[in-house]
Amino acid sequence: MIRRCLQAVRRFIPHYHALFQDAVSQRGLAESPELWCSAHRSARGLSKMSLWPFSVSPRDFSQPNTSWNAEMQEVYDHYNALCEVKTEEGEKKGPWRKLPSYNRSLKYATGGVYLSKIIQSKARLFTRNIKEHGATFEYVVFMNKQEKRCVCAFQAGHLLEGPPGHVHGGAIATMIDTVTGTLAGYLAGPIMTANLNINYRSPIPLGSVVVLHSALDRTEGKKIFVTCRVTSTDESKLHTEATALFISVNMGHLFGT
Ligand SMILES: CCCCCCCCCCCCCCCC(=O)SCCNC(=O)CCNC(=O)[C@H](O)C(C)(C)COP(=O)(O)OP(=O)(O)OC[C@H]1O[C@@H](n2cnc3c(N)ncnc32)[C@H](O)[C@@H]1OP(=O)(O)O
């Protein structure tokens with residue numbers, strides 16, 4: 001039993017750095033001293049253990065890869081350039097930030113009492129569970145915290161077919177949930193989707209690139225209302241419109257405890 005626990009911890013440790021760096025970059029955690037301390041304590045304890053034999057950095061699935069077509073790369077380059085602006089004193093942070101994306105959402109958790117669940121988990125993020133480049137969801141999210149909005153370049157792979165040659169409505173809903181949820185989570189900390197309302201306006205061809213534009217509409221107490229439009233990259237064609245409601249939850253609710 002003890003050996004199994006140690007093996008599990010050993011497997012978890014390589015992910016600590018990513019977990020903690022990404023976790024503190026989320027506003028809810030970065031601006032909450034209590035959560036921050038708890039995350040830091042749990043993670044620091046683990047990192048100091050003498051079981052630190054690895055230096056694995058997890059794969060960031062939102063980095064360009066060989067499956068991206070020219071249009072996808074173009075949108076990426078456009079927003080990536082806005083992440084740093086040139087000033088007379090040199091380069092400084094711009095209004096946009098590229099969010100990293102891993103295949104395990106639990107890497108964002110704060111550890112502590114949840115650690116035992118994390119280290120045993122075989123769970124993988126739905127949108128990142130296929131290793132083959134370009135087969136399903138190729139996407140990258142850029143966040144503009146100041147303007148409370150984000151954009152996502154999405155290239156739909158051949159395994160997402162719904163109507164012949166076009167993207168499945170459920171796959172589009174998945175991307176809308178992911179992007180609006182990422183925005184809500186970035187602005188408000190742990191959240192869950194309560195309501196998603198989607199109007200499909202025109203089909204999205206498989207293999208094409210679309211942009212999801214998501215913005216905070218308003219907040220009312222625990223409720224976070226977010227809008228989303230899916231368009232062609234030049235915004236001339238509207239594919240889908242959606243509104244989403246997220247509810248702020250505590251970590252216990254997120255983990256079903
Ligand atoms: C830290 C995080 C980092 C994560 C990093 C991961 C990285 C990768 C990013 C990917 C991001 C993907 C994001 C996907 C997120 C999901 O897909 S979550 C999965 C799908 N959603 C679910 O399974 C949720 C299931 N439902 C529930 O758990 C609960 O019903 C909810 C939604 C949490 C609400 O809880 P509740 O206790 O019912 O809330 P309650 O306090 O009663 O209601 C609060 C208010 O909301 C209203 N409300 C509640 N439900 C509804 C509804 N359905 N319609 C309208 N109003 C409602 C209530 O009327 C109430 O209003 P007021 O009276 O305050 O005016």
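In this model, seven strands form an open sheet in the order S3-S4-S5-S7-S8-S9-S6, with antiparallel pairing, where two strands pair if DSSP finds at least two bridges between them, and where strands (E, at least two residues) and helices (H or I, at least four) are DSSP runs numbered from the N terminus. Strand S3 (97–98) and strand S6 (191–200) stand at the edges with a single partner strand each, so one side of each has no neighbour in the sheet.

The model is predicted: local features need pLDDT of at least 70, side-chain atom pairs count only at pLDDT 80 or more, and totals for chains, interfaces and linings use all residues. Residues are numbered from 1 along each chain as its sequence is written.

S4 and S5 are joined by 8 bridges in the antiparallel sense, and Phe137 has Ala156 in S5 as its bridge partner. Two helices touch the sheet, with contact taken as C-beta atoms, placed from the backbone, within 7 Å, and with angles, from 0 to 180 degrees, taken between N-to-C directions of axes fitted to C-alpha atoms, for helices over the stretch in contact.

| Helix | Strands touched | Angle |
|---|---|---|
| H5 | S3, S4, S5, S7 | about 160° to S5 |
| H7 | S4, S5, S6, S7, S8, S9 | about 135° with S6 |

The largest nonpolar core (buried Ala, Val, Leu, Ile, Met, Phe, Trp, Tyr and Cys residues joined through C-beta atoms within 7 Å; buried means 20 or more other C-beta atoms within 10 Å) has 43 residues, and Ala153 is among those with the most contacts inside it. H7 gives the most to this core, with 10 residues. Beyond its neighbours within four places in sequence, Ala153 is in contact with Met72, Val75, Tyr76, Tyr139, Val140, Val209 and Val211.

Conventions: Buried ≥ 20, exposed ≤ 12 C-beta atoms within 10 Å, placed from the backbone.
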